[in-house]
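Colleague: I've got the model up on my screen and a list of labels I'd like to pick apart. Can you walk me through the reasoning behind them?

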Amino acid sequence: MTEQGTTPQTPPSYTPPARTPTAAPGRAGGPDAVPLVAGWREWIGLPDADLRWLKAKLDTGARTSAIHAIDPEVLTRPDGTTWVRFGVHPWQGSDDDAVVLEREVVDRRVVRSSSGHDEERYVVMLDVVLLGRRVPAEVTLSRRDQMGFRMLVGREALRQGFLVDAAASYLGGRPPLSVRRRNRGR
């Protein structure tokens, strides 16, 4: 009881306003999908290539994704569509477990490389699994021999339900030690 004979009122507990995550209609996860937080580098999967583990850099500065493509060969199908056959080497510094893919060319684009040079690249569609979520991605084919990651995941793929924490790595987990050793050439 207070001096005036009334029970003290407890202030109502503060409840922050509900945050409604947004995603464009038709994007992976739908309009009510909660964005998943990923680190700046993650292990991803490429189900189209039957690859469960590929180390990738999540690059919000790049519009499209890019993959290290070995020996791209342009093919013209009987229906007149242009396809490209290329190899993917999942491990840094190794040709082990290489996979050959054939994909329809959806575009050819001039892309400015990290060294500042413009180069024309083929663009294909690949599904990427990041943090357990499968999303379609436009991927340019490039030579990434000297780069630290076999793949870059760009903004167009990331905007399908991901936020990148630049201070974190591998929030989606790591593969078994034996897989990580293979990536290091051991």
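Modeller: Sure, and keep in mind that this is a predicted model. Let's begin with I67, which stands opposite L141 in β10.

Colleague: What makes β4 and strand β10 a pair, and in which sense do they run?

Modeller: Two strands pair if there are at least two bridges between them. β4 (residues 65-68) and β10 (residues 133-142) have four bridges, so they qualify. Their sense is parallel.

Colleague: How do you know that β4 also pairs with strand β11?

Modeller: Same test: at least two bridges are needed. β4 and β11 (residues 151-153) are joined by two, so that counts as a pair. Here the strands run antiparallel, and A66 has L152 as its bridge partner in β11.

Colleague: Which way do the residues of β4 point, and are they buried or exposed?

Modeller: S65 and I67 point one way, A66 and H68 the other way. All of them are buried, which means each has under 20% relative accessible area. For the chain as a whole, 41% of the 186 residues count as buried.

Colleague: On to charges. Why is the contact of R77 and E102 called a salt bridge?

Modeller: The cut-off is a Lys or Arg side-chain nitrogen within 4 Å of a carboxyl oxygen of Asp or Glu. For R77 and E102 the N to O distance is 2.5 Å, so the label fits. R77 sits in the loop between β5 (70-76) and β6 (82-88), while E102 is in strand β7 (residues 99-104), so the bridge ties together parts that are 25 residues apart in sequence.

Colleague: What other salt bridge does E102 form?

Modeller: One with R85, where the closest N and O atoms are 2.7 Å apart. R85 belongs to strand β6 and E102 to strand β7, so this pair links parts 17 residues apart in sequence.

Colleague: Why are R77, E102 and R85 called partly exposed?

Modeller: Partly exposed is what lies between the buried limit, under 20%, and the exposed limit, over 50%. R77 has a relative accessible area of 26%, E102 has 27% and R85 has 28%. Those values fall in between, so each one gets that label.

Colleague: How do you know that R159 and E156 make a salt bridge?

Modeller: Their N to O distance is 3.6 Å, which is within 4 Å, so the pair passes. R159 is partly exposed at 48%, and E156 is partly exposed at 29%. Elsewhere, D48, R103, D127 and R134 are joined into one network by salt bridges that share partners. The structure holds 11 salt bridges.

Colleague: And which residues make the nonpolar surface patch?

Modeller: V37, L163 and L171, and the patch is about 250 Å².

Colleague: What makes V37 suitable for a patch, given its 44% relative accessibility?

Modeller: Patch residues need over 30% relative accessible area and no salt bridge. V37 is at 44%, so it clears that area limit, and it counts as partly exposed because 44% is not over 50%. You'll find V37 in strand β1 (residues 36-39).

Colleague: Last one: how many helices and strands does the chain have?

Modeller: Two helices and 12 strands. From the N terminus, the order is β-β-β-β-β-β-β-β-β-β-β-α-β-α.

Definitions and conventions:
Residues numbered from 1 in each chain as written. Predicted model: local features only at pLDDT ≥ 70, side-chain atom pairs only at ≥ 80, totals over all residues. Heavy atoms only, no water. Patch = residues over 30% accessible without salt bridge, like charges linked within 9 Å, V, L, I, M, F, W, Y side chains within 5 Å. Areas by Shrake-Rupley, 256 points an atom, 1.4 Å probe, with all protein chains shown as cover. Buried < 20%, exposed > 50% of the residue type's maximum accessible area, 1.4 Å probe, protein only.
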